[in-house]
Amino acid sequence: MAEANPASPPVVTPVNSGTAWRRLGAALRRHPTAIAGAVVLVLMVLVAVLAPWLGTVDPLTVSPVKRLKPPSAQYWFGTDMLGRDVYSRVIYGTRVSLTVGLAVALAATAIGLAIGLVTGFVRWLDAIVMRVMDGLMSIPSVLLAIALIALTKASLTNVIAAIAIAEIPRVVRLVRSLVLQLREQPYVEAAVASGTRVPMILLRHILPNTVAPLLVQATYICASAMITEAILSFIGAGTPPNIPSWGNIMAESRSLIQIAGTILLFPGIFLSLTVLSVNLLGDGMRDALDPRLARRL
Amino acid sequence: MLGYALRRLAATIPVMGVVALFVFSLLYLSPGDPAAVIAGDIATEEDIAKIRAKLGLDQPYLVRFGTWLVSLSQGDLGTSIFTGLPVTTLIGQRLEPTLALTLCTLIVAVALAVPLGVLAAARAGGWIDRVVMGVSVVGFSVPVFVLAYGLVLLFSIHLEWLPVQGYSPIREGFWPFLRHMILPSVALGLTYMALIARITRASMLDVLSQDYVRTAHAKGLAPGTVLVRHALKNAAVPIVTIIGIGIALLIGGVVVTETVFAIPGIGRLTVDAILRRDYPIIQGVTLLFSAVYVLVNLLVDLSYVLFDPRIRY
């Protein structure tokens, strides 16, 4: 394993984190699509934060007299079958999607990183943990989340936990493969030879080199978590119905497709745009930080 | 080869073991009382006790897991709480539409994505390439059900070309079957297509820069022959791999697609089970789909021999 072929470059090039950030900035400037993604994402964050001041009314107010109004000056996206303002519901739904995307990305990356670092260095744990991860990865993530949700009370926290558990194995895999490559680097060998203790090696030499690939991975996890949340809410296994989320709005309007299809269209467009912006940002970062990183499923 | 195949088959046993253990243990690991959650809000203490006994939650964990594994090995996936029917029977009744949908999607996706990926690579930087790459980014971003409703609104409600929803078995006529399959297959297949087209393009780009491709061009072979016979065959391994891994996407998507188009398949069974908190069904479907995923990827592994004679087992 230690024989190095001088002709081929090492798979992981250690980078100084300062230059990495500068490279990231420069590369993002070269990718107009990534910039567009960032702009849309910032807009969505603003929409989520400023939801109460964007001309919205209480998204839960029911007014049966005004059911199923088409889009108009007063109801921009129309009203649903309970007379609730679809525009307000879609705007408030931004909060759910962004919260779930961010929370799942953070949780899955942090837990996966911890497990991956330890298994990459503690060999006897490696075999056991990787078998468990292989097993978890064989369960299609939507089904894994469904199974988890079916046994717990519906809540946003449970949805986040269920999606994060399904995403963790992929992070562990990535971190472990990075650690296994980095362990062979001369500077890590030097640190081991000079008697640096394992926790210190992980912290000083391994961890900084996992930041770039993990950042890209976290972006893709964020995108797929938002899709999974919408899917779960849509099939009735996600965000509780009293919180307006894009998946919920579409689920409630399912039977209305023949008479008021536009209700389905608006949350769908918001969801697709948000996921697209995160994906574009992720692609831009991947090209900038680690062109060899293959696109995750 | 046979020895290798058997060894690989044996290697799937621990993976499936972990899947079984995990799906089984969820009942015990989940916070709170799963029997109470399954019973619902209006259940009495008695109902909850009944469900607890039915799920075996009143017995020790290991005893229960042992009995469960034994019945699982005999092909018994348990009994539905709501209908009282064996889960295998329920799955069996719903198998055909799901099988039809996944196969149609698989065929449509592979038949479109591979040629598009090849063309994109052959004219890298050209307009086909840009369109394919652009559509593939969109394909990753538009969730199955959003695309499905978009298609229904356009082709079924606005243009009235295709049925809004429903399923027509193939034995009741091929044309009605096909009409009902077009929109679901396209909706379900887009993300999968995006994935396959991207990998095909990347893999082809790798191969096209090889010396033997230049040699083939230099000796005057037709460009099409070079692309398909020399390049695509050598680029096949990553493509076949991603077709296998992508099955996970299809399986997750089936649940949603069947809900949108009211197709009475396993996905619909799962969604109904969620609403009734019928955990044995969810458990059975999860196990079945995971097994399918593992087996498909085993077949993919074994198929490498067909594409690359250098691979020997």
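How much area is buried between chain A and chain B, and what share of that area do carbon and sulfur atoms give? The legends below start from this contact and then move on to chain B and to the salt bridges of chain A, all in a predicted model.

**Figure 1. The contact between chain A and chain B takes residues from both partners.** To take up the opening question, about 4200 Å² is buried between the two chains, and carbon and sulfur atoms give 79% of that area. Chain A brings 47 residues to the contact, while chain B brings 52 residues. Have a look at the charged groups here too: the count of salt bridges between chain A and chain B is one.

**Figure 2. B:Arg198 and A:Asp283 form a salt bridge across the two chains.** In this view, the closest N and O atoms of B:Arg198 and A:Asp283 are 3.4 Å apart. With the count between the chains at one, this is the pair to pick out when you inspect the contact. For a wider setting, a search of the whole structure, over all chains, finds twelve salt bridges.

**Figure 3. Chain B is built with 14 helices and zero strands.** If you follow chain B from its N terminus, each element you meet in the run is an α element. Its C-alpha atoms fill a box of roughly 80 × 55 × 40 Å along the principal axes. Chain B has 313 residues, and 51% of them count as buried. Among contacts in chain B with a separation of 6 or more, 73% come from residues 24 or more positions apart.

**Figure 4. The surface of chain B, with its charged side chains.** About 14700 Å² of chain B is exposed, and carbon and sulfur atoms supply 67% of that surface. On the charge side, chain B carries 22 positive and 18 negative side chains. The centres of these two sets lie 14 Å apart.

**Figure 5. A:Asp126 pairs with A:Arg123 inside helix 4 of chain A.** Here the closest N and O atoms of the salt bridge are 3.6 Å apart. Both residues belong to helix 4 (residues 123-137), where they sit three residues apart, or about one turn of the helix. Is each partner buried or exposed, or does it fall in between? A:Asp126 has a relative accessible area of 7%, so it counts as buried. A:Arg123 reaches 45%, and therefore counts as partly exposed.

**Figure 6. A:Asp126 also forms a salt bridge with A:Arg176.** The closest N and O atoms of this pair are 2.5 Å apart. The pair links distant parts of the chain, with A:Arg176 in helix 6 (residues 156-183) and A:Asp126 in helix 4, 50 residues apart. A:Arg176 and A:Asp126 are both buried.

**Figure 7. A:Asp134 and A:Arg173 form another salt bridge in chain A.** Their closest N and O atoms are 2.5 Å apart. Because A:Asp134 lies in helix 4 of chain A and A:Arg173 in helix 6, the pair ties together parts that are 39 residues apart in sequence. A:Asp134 counts as buried because its relative accessibility is 16%. At 38% relative accessibility, A:Arg173 counts as partly exposed.

**Figure 8. Salt bridges with shared partners make a network in chain A.** Which residues are joined into this network? They are A:Arg123, A:Asp126 and A:Arg176. To trace the links, start at A:Asp126, which forms a salt bridge with A:Arg123 and another with A:Arg176.

Notes
Residues numbered from 1 in each chain as written. Chains lettered and ligands numbered in written order. Predicted model: local features only at pLDDT ≥ 70, side-chain atom pairs only at ≥ 80, totals over all residues. Heavy atoms only, no water. Helix = DSSP H or I, 4+ residues; strand = E, 2+ residues; numbered from the N terminus. Buried < 20%, exposed > 50% of the residue type's maximum accessible area, 1.4 Å probe, protein only. Contact = heavy atoms within 4.5 Å. Areas by Shrake-Rupley, 256 points an atom, 1.4 Å probe, with all protein chains shown as cover. Lys, Arg positive; Asp, Glu negative; His and termini not counted. Charge placed at Lys NZ, Arg CZ, Asp CG, Glu CD. Buried area = accessible area lost by both parts, 1.4 Å probe. Salt bridge = Lys/Arg side-chain N within 4 Å of Asp/Glu carboxyl O.
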